Amino acid sequence: MNQWGERMENTDLAIFGRDRPAPTEPLAASRCFALPDSYRPLLQPWFNRWTLVYGEQPLRLPDDQREALARLLPVLLCGEQSAVVLFHHEARRLSAAARQASYHCFSTIEKDEFQHDLGLQALQRKLPRPQDLPNIRRRAKRFFARLGRVESTAEHFAQISHLDSAVAVIMRALEASEAARDRQLRSLVAQIKRDEARHVFISRSHALQLGIARSDYRSMGQQIRTQVLALLAPFGSAFETLGVDVDRLFGRIRKSRAE
Ligand SMILES: [Fe+2]
Ligand SMILES: [Fe+2]
């Protein structure tokens, strides 16, 4: 039995214990933010397991939930793709400065974000294409691109910390939703939730280390939560269709603290 309580047979367990190079095919899918040329993607063991168990399985959701999830995924994907790029650049910058501990942290996060990206893309390929996909993607891309326009790297990491805290809240809500009866979806959002909670802590520590004042860190949190709620506002009915109480979800995002 695997960690999700499902039987696995005839599997190559040898691939589970280490990272391995990503195949090129999923990388060609259309992206909000292109992978940097210097990026050498690796697949983590948990992602190999998830793909092995669920890769060939359809998403077992009713049509209305399939459509709702299909509208929500491009926004989440855009966030993951922008995070891959940010952490890749920061890991390289820190590597050049020979700050090995931080380098390791950031390259690990970069890898996490890349698996989130691939996992959500894998779900997306099993769902219908929303009619307003270009609009959804354009809005999300604008949101994440604007995030990068801050005075300093410290501020950018403060933003990421607050943003990841909101993503963790969203993933927790999806994990507890009616749609999470589908194990494929539930196991992926549970993994993303765990990873994002760790990223909050690391990004916050890095922002403070780079010199952001605690009061500025807190006030940025307020701004980010307001912006995230505005970004998500048009998706209230999609959340409801998936079985998420949207008032409670938005209330939790409003009250979340990346401390
Ligand atoms: Fe992520
Ligand atoms: Fe993250």
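Modeller: Let us start with a rule for angles: under 35 degrees counts as roughly parallel, over 145 as roughly antiparallel, 65 to 115 as roughly perpendicular, and the rest as oblique. Please also keep in mind that this is a predicted model.

Colleague: Thanks! Before we use that rule, how many helices and strands does the chain have?

Modeller: There are 9 helices and 2 strands. Following the sequence, the order is β-β-α-α-α-α-α-α-α-α-α.

Colleague: What share of the chain's residues is buried?

Modeller: Of the 259 residues, 42% are buried. You can also look at contacts between residues at least 6 apart in sequence: 80% of them join residues at least 24 apart.

Colleague: Now for the angles. What do I need to describe two packed helices?

Modeller: Two things: the angle between their axes and the distance between those axes. Try it on helix 5 and helix 7, whose axes cross at roughly 50° and come within 9 Å.

Colleague: Which word from your rule describes helix 5 and helix 7?

Modeller: An angle of roughly 50° falls in none of the named ranges, so it belongs to "the rest". Helix 5 and helix 7 are therefore oblique to each other. The crossing also has a hand, and here it is right-handed.

Colleague: Which residues meet where helix 5 passes helix 7?

Modeller: Helix 5 brings E155, A158, Q159, H162, L163 and A166, and helix 7 brings Y217, M220, G221, I224, R225 and V228. Sorted by class, this contact has 7 nonpolar, 3 polar and 2 charged residues.

Colleague: Can we try another pair? At what angle do helix 5 and helix 6 pack?

Modeller: Helix 5, residues 153–175, and helix 6, residues 183–209, pack at about 155°, and their axes are 8 Å apart. That angle makes helix 5 roughly antiparallel to helix 6. Their crossing is left-handed. The residues in this contact are 14 nonpolar, 5 polar and 7 charged.

Colleague: And how do helix 7 and helix 9 cross?

Modeller: At roughly 160°, with axes that come within 9 Å. Put that beside the cut-off of 145 degrees, and you see why helix 7 and helix 9 are roughly antiparallel to each other. This crossing is right-handed. R225, V228 and L229 of helix 7 make the contact with F250, I253 and R254 of helix 9. By class, these residues are 4 nonpolar, no polar and 2 charged.

Colleague: Let us stay with helix 9. Which of its residues are buried?

Modeller: In helix 9, residues 246–255, the buried residues are L249, F250 and I253. They cover an arc of only 90° around the axis, so they sit on the same side of helix 9.

Colleague: What does that buried side pack against?

Modeller: The buried residues of helix 9 pack against helix 5, helix 7 and helix 8. Turn the helix around in your viewer, and on the face away from the buried side you will find the exposed residues D247, R248 and K255.

Colleague: How do I read burial for one residue? Is L69, for instance, buried or exposed?

Modeller: You count C-beta neighbours, and 20 or more within 10 Å means buried. L69 has 26 of them inside 10 Å, so L69 counts as buried. You will find L69 in helix 2, residues 63–96. Leaving aside residues up to four places away in sequence, L69 touches L61, L127, A179 and L242.

Colleague: How can I compare separation in sequence with separation in space?

Modeller: Take two numbers for one pair. L69 and F235 are 166 residues apart in sequence, while their C-alpha atoms are 9.9 Å apart. For R60 and D182, the numbers are 122 residues and 5.7 Å, again C-alpha to C-alpha.

Colleague: Where is R60?

Modeller: R60 sits in the loop between helix 1 and helix 2. With 13 C-beta neighbours inside 10 Å, R60 counts as partly exposed.

Colleague: One last residue: what does H104 count as?

Modeller: H104, in helix 3, also has 13 C-beta neighbours inside 10 Å, so H104 counts as partly exposed. As for separation, H104 and A91 are 13 residues apart in sequence and 7.6 Å apart, C-alpha to C-alpha.

Technical notes: Residues numbered from 1 in each chain as written. Chains lettered and ligands numbered in written order. Predicted model: local features only at pLDDT ≥ 70, side-chain atom pairs only at ≥ 80, totals over all residues. Axes fitted to C-alpha atoms, helices over the stretch in contact; angles between N-to-C directions. Helix = DSSP H or I, 4+ residues; strand = E, 2+ residues; numbered from the N terminus. Left-handed = near helix turned anticlockwise from the far one by under 90°. Nonpolar A, V, L, I, M, F, W, Y, C, P; charged D, E, K, R; others polar. Buried ≥ 20, exposed ≤ 12 C-beta atoms within 10 Å, placed from the backbone. Contact = placed C-beta atoms within 7 Å. Arc of directions from axis to C-beta.
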